Amino acid sequence: MGLFLSAFTGMSMTPNWAAANPFGPDYVEITANDVIALDIRYATTHNFTGRNVYGTHNTCFLHQQAAAKLFRAAELLRTYSPGYKLLVFDCLRPRSVQRLFWGVVKGTPQQPYVANPDKGSLHNFGFAVDLSLLGPDGHELDMGTPFDAFTEAAQPKLETKLLAKGVLTQPQLERRMILRRVMTEAGFLQLPNEWWHYDALDGKTVRKNYRIVE
Ligand SMILES: [Zn+2]
């Protein structure tokens, strides 16, 4: 267990990171293959908190329904853009980690970019995935901003304006569209604020029918 999560050991619902599948049979582990690569940023210091908040949990779990869609997106990418890979940054994120994020951003300009843990992010249900693309040369593609850049330039809803202003270039937008095409064809929803974030079902359906992983 990482230093940071050890602060939560007093909580009764602290996830058991050591188990092979700590979340139960409804959740599937996503492993790397020829079209999927993993770079679980919250298991490194390379994220907006500057800390490893996942400890040794350096992997991706999704609810099986979201996992099926991700595998479908990977197959579409293989067809449409041979040589490219999905580059996965984050998947199921327990609410204990969501509370930690909330503590970091609360009262700052970054607050609107992080879901309130009381309601829960779809990541907390295992129904959201954050990802980008690796190009055929194996390098992460330039999408205009890095993952977890809490800025206007990251927002799909502003892309037309960003392009006109030169904040986003045509090639950067085209790369986002390669990802968006396979994800939306596979049944994911792109949210308006983050180019890297996709929900496998709408929030209302998830909150009504599925449980939060604490
Ligand atoms: Zn996300």
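These legends go with a set of close-up views of a predicted model.

**View 1. The whole chain, five helices and seven strands.**
Reading from the N terminus, the elements come in the order β-β-β-α-β-α-β-α-α-β-β-α. The radius of gyration is 17 Å, close to the 17 Å that the globule rule gives for 214 residues, so the chain is as compact as a globular protein of that length. Its C-alpha atoms fit a box of roughly 50 × 40 × 35 Å along the principal axes. Of the 214 residues, 36% count as buried. If you look at contacts between residues at least 6 apart in sequence, 72% of them link residues at least 24 apart.

**View 2. An open sheet of five strands.**
Follow the strands across and you get β2-β4-β5-β7-β6, with mixed pairing. The edges belong to β2 and β6 (189-190); each has a single partner strand, so one side of each is left without a neighbour in the sheet.

**View 3. β5 and its partners in the sheet.**
Six of the seven residues of β5 are buried, so this strand is largely enclosed by the rest of the structure. On pairing, β4 and β5 run antiparallel and share five bridges; one to pick out is K85, whose bridge partner in β5 is L134. β5 also pairs with β7 (residues 197-199), again in the antiparallel sense, over three bridges. There, A128 has D199 of β7 as its bridge partner.

**View 4. β1 alongside β3.**
These two strands run antiparallel and are joined by four bridges. Look for E29, which has F61 in β3 as its bridge partner. The side chains of β1 alternate: V28 and I30 point to one face and are buried, while Y27 and E29 point to the other and are not.

**View 5. The largest nonpolar core, with 41 residues.**
I30, L62, L86, V88 and V129 have the most contacts inside this core. At least two core residues come from each of β1 (27-30), β3 (60-63), α1 (64-80), β4 (85-90), β5 and α4 (170-185). The most generous of these is α1, which gives six residues. Zoom in on I30 and, leaving aside residues up to four places away in sequence, you find that I30 touches I36, C60, L62, A67, L70, V88 and C91.

**View 6. Helix α1 and its buried side.**
With 17 residues, α1 reaches 24 Å from its first C-alpha to its last, close to the 24 Å expected at 1.5 Å a residue. Which residues of α1 are buried? They are A66, A67, K69, L70, A73, A74 and L77. These residues cover an arc of only 160° around the axis, which puts them on the same side of α1. What do they pack against? The buried residues of α1 meet β1, β2 (36-38), β3, β4, β5 and α4.

**View 7. Helix α2 and what comes just after it.**
Helix α2 (residues 95-105) has R95, V97, Q98, L100 and F101 buried. Just after α2 comes G107, with a positive phi of about 80°.

**View 8. D148, a residue other than glycine with a positive phi.**
The phi of D148 is about 60°, although D148 is not a glycine. You will find D148 in the loop between β5 (128-134) and α3 (159-165). Is D148 buried or exposed? D148 is buried, because 21 other C-beta atoms lie within 10 Å, and the cut-off for buried is 20 or more.

**View 9. G24, in the segment before β1.**
G24 counts as exposed, because G24 has 11 C-beta neighbours inside 10 Å, and the cut-off for exposed is 12 or fewer. For a sense of scale, take G24 together with Q111: they sit 87 residues apart along the chain, and 31 Å separates their C-alpha atoms.

Conventions:
Residues numbered from 1 in each chain as written. Predicted model: local features only at pLDDT ≥ 70, side-chain atom pairs only at ≥ 80, totals over all residues. Core = buried A, V, L, I, M, F, W, Y, C linked by C-beta atoms within 7 Å. Contact = placed C-beta atoms within 7 Å. Expected span 1.5 Å × (residues − 1). Arc of directions from axis to C-beta. Pairing = 2+ DSSP bridges. Rg over C-alpha atoms; globule rule 2.2 N^0.38 Å.
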